[in-house]
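Visitor: Before we look, could you promise to tell me how each term is decided as we use it?
Guide: Gladly; let us put the structure up and begin with how the annotations are to be read.

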Amino acid sequence: MSLSRFLVKRSLQGLFVIWGVITVVFGLRFISPGDPANVLLPPDVDPEVRAEVIAELGLNEPLYVQYWDFISGIPLGELGNSLVTRTPVAARVLAKLPATLELAIAATIVAIVIAIPLGVISATRRHQPADYGATVFSLVGISTPNFWLGVMLIIVLAVQFDLFPTSQRPIGVDGIVLLFVSGSLGEAVNGLTTWLWHITLPAVTLGTYFTALITRLTRSGMLDQLGQTYVRASRAKGLPETLVRYKHALRNTLIPVITVIGLQLGTLIGGAVITEAVFAWPGLGTLIINSINARDWPVLQGSLIVVAVGFVLVNILVDALYAYVNPQVAYD
Amino acid sequence: MISERTLRNLRRELRRSLLAKIGIVVVVFILLMAVFAPFISPYSPGKQNLDEARLPPVGFSTAETREVTKMENGSVVIEGGEVVTEERTVYTNATAAHPLGTDGNGRDILSRVIYGARTSILVGIFGTSLAALIGVLVGLTAGYYRGRVDDVLMRSADIMLAFPSLVLAIALVGVWGQAQAPIPDPFVVTGLAPAFRSALGFTTGMPDTVVLPGTVIVVVALVNWVWFARVARGEALSIREEEYVKAARALGASDGWTVLRHVLPNAITPILVLATIQVAAIILLESALSFLGFSGADVSWGFDIALGRQYQSTAWWISTIPGLAIVITVVGLNLVGDWLRDALDPGIEGEGGV
Amino acid sequence: MAEPILKIRDLSTSFFTEEGKVNAVDSVTFDVEDGEIFGIVGESGSGKSVTALSVIDLIDSPGRVTGGEVWYRNADLAEEFRGSRPEAVDGDFVDVRRLPKGVRRSLRGPSFSMIFQDAMSSFNPSITVGEQIAEAVEVQRRARANPRRTRSRTQGYGLGSAILDTFLPNRDYVSNKSMDRAVELLDQVGIPDPEDRAEEYPHQFSGGMLQRAMIAQALAGEPDILVADEPTTALDVTIQAQILNLLRDLQEQEGMSILMITHNLGVIARMCDRVGVMYAGEIVERGPLGDIFENPVHPYTQGLLGSVPDIDDPSDRLEPITGNVPSLLESEMPNACYFADRCPKAMTDCMTRIPEYDLDGRHSVRCVLAEREYDEADALEQEVMADD
Ligand SMILES: Nc1ncnc2c1ncn2[C@@H]1O[C@H](COP(=O)(O)OP(=O)(O)OP(=O)(O)O)[C@@H](O)[C@H]1O
Ligand code: SF4
Ligand SMILES: [Mg+2]
């Protein structure tokens, strides 16, 4: 199969999954006890007003009409209106997205920068103190609930030693870019340090599980690769050990690691939701939690769709990358 | 189902792995703690005592500056008609009566940790069993029938996987609300635990029900069945090609019988390994839901961490200790999972011979 | 007769496993002469591969070469180390095991090279065959340009270089010159369309072609000694013959020596000048091909030859050997001839460690039958032999 055909096939699968996601999210409303009109109205409201609201929300239409209304707006970026604020859901989700993306990307960077060298060191110094240290770290890392880790970091580093702020996001990357573009360089630099200062604890909180996971994967992948005959053959032909380890073994290790990272992006978003709750980080997670507490279904539905569709798209991207770096996939 | 060889591998791996031993000890310890909570818990987890709020754990004491009424020679000092106050450092010492301290409402943290284990274990075991049941049914059906059936089932699994499990769980619990089923605690209802406690002079008044967080169990299963489906499907796909399975079918064995008799027993090992890891994952998920206040549980490690947050600058232990309980439990389960995986599937970590 | 290029003396290698110490190679001694093919033959698990890897210093943990010498004839090296490491020098020979680590590593390629049984797993699946061969050329090109750096710990290629090569698109370890040479090498080993094939990945090659490519890769450094570990075992019979012919031709063209490892006596008969027979980590008999085939002394050698159909002389067939190679666990090895439990001629004399007996300066054997005749009266009890 050629690379382009592989990508087309993968994208079609992705489209199907996206359709499924939207349908599931649409169905979510029907499993909730009580109907949405109750959210807006006091229980003892005049039946006429009630009927009016229901009509306005389109809840008295036949199911297929409701479904069509729901699904047909999505390609145009319409996710309906919030029951509470009556503003478009899409705009609210969009406004919250940068904060979550920032957090997720920062955590991924933390994880990759720490985990890959750690995994390599661990594998190449097997049964030495560094290896034991890395093994214990990764074991505890994948077993620690990140919200608790966040609370611990706050207690120790923010409360006791006052090194970091406990919460909030006074400025985002978008704000910094804006300052930069408008020419106030000094303020942009200030903004950047403030941003870094505020995002450190949330990023570490969210990134620890991934650091641990990727360390584990890198270590076992590296051990596996270093035991392969081609590594021995590379040494037999006199290649420098650095080249054997990094050009040959590490690259082959990273190919499957990339896929796993892709598969785990969902966990990353899930982790972001709860990390946001710990640090009062104003992102999608906070939006989701608030929408549940306020029973604001359209906002919940819109956020879920954005998260799931984003996840599917990223996975297609990861697969494409995988096919690109691993020629066997495309040719098989 | 579990062959002699498998048992031998398990024993051998256990003998040479210190970590596996640690894992088993931890898991057994936590299980015993959860089961025998009404015997060993010092107090009822809900028993408040506001006079003893925020006592630190043994080995720690806290110093706090408080404004107190100024006293001289045993009487209140009054100047200009006002009671005079002064700043004074107040020390709070740990007491042996509450070895892990008390929370903001003066409840004993050790008791809450012991009872919290019940919530985690109940959700972990029931949630995993339900997920395994759904997943294995779907997976075996898909792998055994292949074709259309397989396509439909596995595509729905893909759709489930597109939702981050925590987000989906939050949404489902949020939408459904929190149904909880109080079931009678057998030890308390039969009078066994109270008799034991009064014989030893322990405090009595243990709760006589165990709260089964129904919605949470269903939701974690709905979120996690997919992993079981994948494993079961893979096994079914390969086992149905085995000669003896083909032979059984050729002899007219029904599909259900073939699956039960031949396919399932062979799939048991990987499912068991997965289940161990899933218990850990589900315990983490439950604690996250409780932390966010969505599970409705009022005795749960995650919930207690959230309760402690308002004291994070004065009483660190309220959040810290339940979290440690989670970490220890999950580490133990992961170690047991690693042990099973290494023993039952030695091909996973290649050693590369000559 | 030619002079040895390699003299292996009492080489021992053990694996330190959880079950205990495994003596995979036990006091092995043999010579490889200039321009000859020396064969090592033996059953699976007898220690052939470990011997090969020990010679070129590629034993990984948990294994370790525990003793012995690997004398390699190289006048330049001998001159260089005569002053600084006299114990490592003897005439024109150097003991590779006593040379500094960096020097030992720099010998891989220009002095020793190795080909493996399974070509598919001996190439990195995600890099083109041409580039992998070019790497082998490039190491030597860099070594010639800067011999001292090549002997350093990192061979002049540290973490910094690796990172830069990965992230800068215009940097690559392999130069164009080396790529050109790789194509030439592919051509030399008889691969058609070498320019195109060089751009292909290992999984696009057939088994025989990939084996040729691996030989090309091993030739890149123009080695003095090529170690070939079962180079044809994984191939079809017709392709086996082609590869063997290729090796033979190349050996004559390049004037190198080959250490040929195989369990196939046919390959030995066809290719080798001299042979060593391995059993349980020891070389039990060695000598010129003719002597071993016509006059085997060791009952194991006799058994091996007996299990090969001999078209010329069908009358004189021995029984094939029954039983298995022992585990090689040190704690389980008997204080006796290791072959005693399978040997049809085992006697009471055999219940002690047997030294190597020299028969005529060229043919030697580790068996008491070198000194005495088999005597029914001394035969060991049957039950001792019928273990297993
Ligand atoms: N990595 C290792 N760890 C432990 N023992 C090993 C290892 N590699 C080899 N051995 C031991 O060394 C012995 C000899 O192995 P070797 O691979 O040299 O046999 P061989 O003669 O090449 O057999 P084959 O024909 O199967 O390749 C084996 O019995 C094995 O027990
Ligand atoms: S020494 Fe004895 S047992 Fe060993 S091979 Fe010779 S005759 Fe057989
Ligand atoms: Mg071998």
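Guide: UniProt positions are given in the numbering used here, feature names are shortened, and annotations may be inferred rather than shown by experiment. With that caution, the UniProt record, an unreviewed entry, places "domain: ABC transmembrane type-1" on residues 117-337 of chain B, and the record also gives this name to residues 97-322 of chain A. This is a predicted model, in which local features need pLDDT of at least 70 and side-chain atom pairs count only at pLDDT 80 or more, while totals for chains, interfaces and linings use all residues. Residues are numbered from 1 along each chain as its sequence is written, chains are lettered from A and ligands numbered from 1 in the order in which they are written, and side-chain values use heavy atoms, with hydrogens and water left out.

Visitor: How do you know what share of residues 97-322 of chain A is helix?
Guide: Helices (H or I, at least four residues) and strands (E, at least two) are DSSP runs, numbered from the N terminus. Counted in this way, residues 97-322 of chain A are 85% helix and 0% strand, with 27 Å between the end C-alpha atoms. For residues 117-337 of chain B the result is 76% helix and 4% strand, and the end C-alpha atoms are 19 Å apart.

Visitor: Which spans of chain B does the record call "transmembrane region"?
Guide: The unreviewed UniProt entry lists several, including residues 121-145 and 157-177 of chain B. Residues 121-145 of chain B are 100% helix and 0% strand, with the end C-alpha atoms 35 Å apart, whereas residues 157-177 of chain B are 81% helix, and their end C-alpha atoms lie 25 Å apart. In chain A, the spans listed under this name include residues 103-124, which are 100% helix, with 32 Å between the end C-alpha atoms.

Visitor: What makes a space in this structure a cavity?
Guide: On a 1 Å grid over the protein atoms alone, a cavity is a set of points where a 1.4 Å probe fits but cannot get out, and lining residues have an atom within 4 Å of a point. Grid points are joined across faces, edges and corners, and a volume is the space filled by probe spheres set on the points. Ten cavities of 30 Å³ or more pass this test, and the largest has a volume of about 80 Å³. It is lined by 13 residues, and those closest to its centre are C:Cys337, C:Cys343, C:Cys350, C:Cys367 and C:Val368.

Visitor: How do you know where ligand 2 sits?
Guide: A molecule sits in a cavity if more than half of its atoms lie within 2 Å of its grid points, and the space that ligand 2 takes is the largest cavity. A residue is near a molecule if one of its heavy atoms lies within 4 Å of it; 13 residues surround ligand 2, the closest being C:His298, C:Cys337, C:Cys343, C:Cys350 and C:Cys367.

Visitor: Why is one residue of the shell around ligand 2 called polar and one charged?
Guide: The classes follow a fixed list, because Ala, Val, Leu, Ile, Met, Phe, Trp, Tyr, Cys and Pro count as nonpolar, Asp, Glu, Lys and Arg as charged, and the others, Gly among them, as polar. On that list the shell around ligand 2 has eleven nonpolar, one polar and one charged residues, while the lining of the largest cavity has twelve nonpolar, no polar and one charged.

Visitor: What makes strand 5 of chain C an edge strand?
Guide: Two strands pair if DSSP finds at least two bridges between them. Five strands of chain C form an open sheet in the order 2-1-4-6-5, with antiparallel pairing; strand 2 (20-33) and strand 5 (89-90) are its edges, since each pairs on one side only. Strand 5 and strand 6 (residues 93-95) of chain C share two bridges, which meets the cut-off, and C:Val89 has C:Val94 as its bridge partner.

Visitor: What makes the pairing of the eight-stranded sheet of chain C different in kind, mixed or antiparallel?
Guide: That open sheet, ordered 7-8-9-3-10-11-13-12, has mixed pairing. Strand 3 (residues 37-41) and strand 10 (residues 274-279) of chain C pair in the parallel sense over four bridges, and C:Ile40 stands opposite C:Gly276.

Visitor: Why is the phi of C:Glu222 worth a remark?
Guide: Most residues other than glycine have a negative phi, and most peptide bonds are trans. C:Glu222 is not a glycine, yet its phi is positive, about 50°. The peptide bond from C:Ser61 to C:Pro62 is cis, with omega near 10°.

Definitions and conventions: On a 1 Å grid over the protein atoms alone, a cavity is a set of points where a 1.4 Å probe fits but cannot get out, and a pocket is an open set with protein on both sides within 12 Å along at least five of seven lines; lining residues have an atom within 4 Å of a point.
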